[in-house]
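Here is a short tour for anyone opening this structure for the first time. Keep the view at hand and follow along one site at a time.

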Amino acid sequence: MSKRARDEEDEDQVQPVVSQPQHIECTIPPCHSEPKSFSSYEEYETHILSFHNHICNECRRRFPSEKFLHLHIDENHNPFVKIEQEKGAKVFKCFNYGDGCSKVCSTPKKRRLHMIDKHGYPRSFRFDVVNRGI
Ligand SMILES: [Zn+2]
Ligand SMILES: [Zn+2]
Ligand SMILES: [Zn+2]
C-alpha cells in the first residue's frame, strides 16, 4: 500500500497554506494613506461600491473618487485636452491637483514619479487607474 501512504503525505503538505488568514487592503486614494483592511472580498466590494463609486458616462468604468473621474474624462474623452496634448502641452495633472498642488506633467510616467516622490504614493499603486478605472 505504498501508493496510499504517498497520497496522505501530499495532503499533509498542502494544509498549512489553506489556514492562512486572508486580508484585502484598500489602497485606493483617499484610503491609501491609512489602508483599510477587509476580511472578505464581499466586504471590500461593498466598500468600493459605497466609497469609490464614480462612473464615467462615456465608457462605464468606475473610479475611486470624483477627482479621478474628472482626470479620466479630461485625459480620455476630452477632445480639447487631446489637441493640447498633441501640441506638446502638459496635460497630466497631479492626482492632488487643486489640493495644494498645481503640478501638471507632460507624460503619465513623470506624473507617476511625482506622485511617488512628492505625495508618498506606493510604487505598487496602479497609476493606470486614470485610464482603466478600478
Ligand atoms: Zn477605500
Ligand atoms: Zn470614460
Ligand atoms: Zn502634486
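## Starting at the third zinc

Let's begin with Cys94: its relative accessibility is 0%, so it counts as buried. Keep in mind that what you are looking at is a predicted model. Cys94 gives its SG atom to the zinc ion (ligand 3), together with Cys101 (SG), His114 (NE2) and His119 (NE2), at 2.0 to 2.2 Å. Cys101 is buried as well, with a relative accessible area of 14%.

What is the arrangement of the 4 donor atoms around the zinc ion (ligand 3)? The angles they subtend run from 98 to 121°, which makes it tetrahedral. In general, ideal angles for four tetrahedral donors are 109.5 degrees. If you walk along the sequence, the donor residues of this zinc ion (ligand 3) are spaced C-x6-C-x12-H-x4-H.

## The overall layout

Now step back to the protein chain, which has 6 helices and 6 strands. Read along the sequence, the pattern goes α-β-β-α-β-β-α-α-β-β-α-α. Of the 134 residues in the chain, 28% are buried. Looking at contacts with a separation of 6 or more, 30% come from residues 24 or more positions apart.

## The zinc held by Cys26 and its partners

Moving to the zinc ion (ligand 1), you'll find it coordinated by Cys26 (SG), Cys31 (SG), His47 (NE2) and His52 (NE2), at 2.0 to 2.3 Å. The donor residues of the zinc ion (ligand 1) show the spacing C-x4-C-x15-H-x4-H in sequence. Cys31 sits in the loop between strand E1 (24-26) and strand E2 (36-38), while His47 is in helix H2, so this pair ties together parts that are 16 residues apart in sequence. The angles subtended by the 4 donor atoms are 98 to 117°, and that makes the zinc ion (ligand 1) another tetrahedral case.

Are these two donors buried or exposed? Cys31 is buried, with a relative accessible area of 6%, and His47 counts as buried too, at 4% relative accessibility. You can spot His47 in helix H2, residues 41-51. Setting aside neighbours within four places in sequence, His47 is in contact with Cys26, Cys31, Lys36, Phe38 and His52.

## The annotated stretch and its zinc

UniProt, in an unreviewed entry, places the feature "domain: C2H2-type" at residues 56-77. Over residues 56-77 the chain is 55% helix and 9% strand, and the end C-alpha atoms are 10 Å apart.

Which residues donate to the zinc ion (ligand 2)? They are Cys56 (SG), Cys59 (SG), His72 (NE2) and His77 (NE2), lying 2.0 to 2.3 Å from the ion. Their spacing along the chain is C-x2-C-x12-H-x4-H. Cys59 belongs to the loop between strand E3 (54-55) and strand E4 (62-63), and His72 to helix H3 (residues 66-77), so the pair ties together parts that are 13 residues apart in sequence. Cys59 is partly exposed, with a relative accessible area of 25%, whereas His72 is buried, at 1%. With angles of 100 to 121° among the 4 donor atoms, the site of the zinc ion (ligand 2) is tetrahedral.

## A closer look at helix H3

Helix H3 is a nice one to check by eye. At 1.5 Å a residue, the 12 residues of H3 should span 16 Å, and the end C-alpha atoms are indeed 16 Å apart. Its buried residues are Phe68, Leu69, Leu71, His72 and Glu75. Because they cover an arc of only 165° around the axis, they fall on the same side of H3. As a rule, an α-helix has 3.6 residues a turn, so residues three or four places apart point the same way. The buried residues of H3 pack against E3, E4, helix H4 (79-86), strand E5 (92-93), H5 and helix H6 (129-132).

## Two loop residues to look up

Arg60 is in the loop between E3 and E4. Although Arg60 is not a glycine, it has a positive phi of about 65°. Arg60 is also exposed, with a relative accessible area of 58%.

Thr107 is in another loop, between strand E6 (104-105) and helix H5 (108-119). At 29% relative accessibility, Thr107 counts as partly exposed. Thr107 and Lys93 are 14 residues apart along the chain, and their C-alpha atoms are separated by 9.6 Å.

Technical notes: Residues are numbered from 1 along each chain as its sequence is written. Chains are lettered from A and ligands numbered from 1 in the order in which they are written. This is a predicted model: local features need pLDDT of at least 70, side-chain atom pairs count only at pLDDT 80 or more; totals for chains, interfaces and linings use all residues. Side-chain values use heavy atoms; hydrogens and water are left out. UniProt positions are given in the numbering used here, feature names are shortened, and annotations may be inferred rather than shown by experiment. Helices (H or I, at least four residues) and strands (E, at least two) are DSSP runs, numbered from the N terminus. Donors are N, O and S atoms within 2.8 Å of the metal (3.2 Å for Na, K and Ca); water is not among the atoms, so sites may look incomplete. Four donors count as tetrahedral if all angles lie between 85 and 135 degrees; four count as square planar and six as octahedral if opposite donors are over 155 degrees apart and all others between 65 and 115; anything else is irregular. Buried means under 20% relative accessible area, exposed over 50%, partly exposed in between (1.4 Å probe, protein chains only). The expected span of a helix is 1.5 Å times one less than its number of residues. The arc is that of the directions from the helix axis to the C-beta atoms. Contact means heavy atoms within 4.5 Å.
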